[in-house]
Amino acid sequence: MVVKKRCLLWDWTNSSGPGNPGVPWAMDSVNFNGPISSVSNWNTWVPPELKGRAPYRPMIHLERELKAPEWDWVWNSDQPIVQYFNEPDKNNISPERAAQAWYDQMVPLRQQKGKKLVGPAVSSDENGKNWLADFMNRVSDQPPDFLGLHYYGTDGNAAIRYLEEMHSRYPQPIVVSEIASIDRNVGSVYNFTVQLANFMDNTDWIFEYGFFGCMRNLADGFVSPDAQLMQADGHFTELMWKLQNEQPMVPP
């Protein structure tokens, strides 16, 4: 039986828009009958090319999405799960402000619209851990339905230890909304991806995870180029083909 936990991180520039032809045709190469569980584009609008083939995960990326028109799209969305804040610890959003907006807007979204909420996805360093602890303390009577996390590194065993540590601290199922190797050795990148995908597929307290990322250009110099899931021409890399088809994954 296929375990569907892999969220496709589909960069917003893949969709067509003003001055950006995008590569929407590439979505037709996604195997939605395999381990792919959903699609996220770090925004509140559904990629038109998704065409209802998988659930979409709207994201309150930063505080701007708490205002119209983005907030209206979230409020009126028919999608069941909403993600709240992307690395707020690195984007000058304090736990206090995040908790206030949580009570003002996210809790009513859950109560009135029946949405499941993913908590703020923090980075895995000490600052991220401390930010999350502060936030979770402030919302203890209305906690998230899912714990949001990110992880970037080179050591698969260290990544697993981090996930286990966070699971021991918080009872919520975990959504790892971004994870990737930053190693510059292609073999190490593949080994990291295989190890973590297989671990998360077989761990019941991991609800969903997304490997970064399906985009034509490198987002920055941090993530390994070998972790890219899309080539510059819009076609998928070998790693993307493995992620969307293999379960369990095996090294090349």
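**Exercises on two cavities and a helix pair**

By class, 8 nonpolar, 1 polar and 1 charged residues make up the lining of the largest cavity. The model is predicted.

**Exercise 1.** Identify the residues that line the largest cavity, and the elements that give two or more of them.

*Solution.* Start with the volume, which is about 60 Å³. The lining consists of R6, C7, L8, I36, Y209, G210, F211, L229, M240 and L243. Next, assign these residues to elements: β1 (6-9), β8 (206-211) and α6 (238-245) each give two or more. Finally, sort by class: Gly counts as polar, so G210 is the polar residue of the lining. Arg counts as charged, so R6 is the charged one.

**Exercise 2.** Describe the second largest cavity by volume, lining and class.

*Solution.* The second largest cavity holds about 40 Å³ of space. Around it stand C7, L9, Q83, V175, V176, S177, E208, Y209 and G210. At least two residues each come from β1, β7 (174-181) and β8. The classes are 5 nonpolar, 3 polar and 1 charged. To find residues shared with the largest cavity, compare the two lists: C7, Y209 and G210 appear in both.

**Exercise 3.** How do helices α2 and α3 cross, and which residues make the contact?

*Solution.* Two packed helices are described by the angle and the distance between their axes. For α2 (residues 95-113) and α3 (residues 126-138), the axes come within 9 Å and cross at roughly 35 degrees. The crossing is right-handed. From α2, the contact uses P95, E96, A98, A99, W102 and Y103; from α3, W131, D134, F135 and R138. These residues divide into 7 nonpolar, no polar and 3 charged.

Note on methods:
Residues are numbered from 1 along each chain as its sequence is written. This is a predicted model: local features need pLDDT of at least 70, side-chain atom pairs count only at pLDDT 80 or more; totals for chains, interfaces and linings use all residues. Side-chain values use heavy atoms; hydrogens and water are left out. Axes are lines fitted to C-alpha atoms, for helices over the stretch in contact, and angles run from 0 to 180 degrees between N-to-C directions. Helices (H or I, at least four residues) and strands (E, at least two) are DSSP runs, numbered from the N terminus. A crossing is left-handed if the near helix is turned anticlockwise from the far one by less than a right angle, and right-handed if clockwise. Contact means heavy atoms within 4.5 Å. On a 1 Å grid over the protein atoms alone, a cavity is a set of points where a 1.4 Å probe fits but cannot get out, and a pocket is an open set with protein on both sides within 12 Å along at least five of seven lines; lining residues have an atom within 4 Å of a point. Grid points are joined across faces, edges and corners, and a volume is the space filled by probe spheres set on the points.
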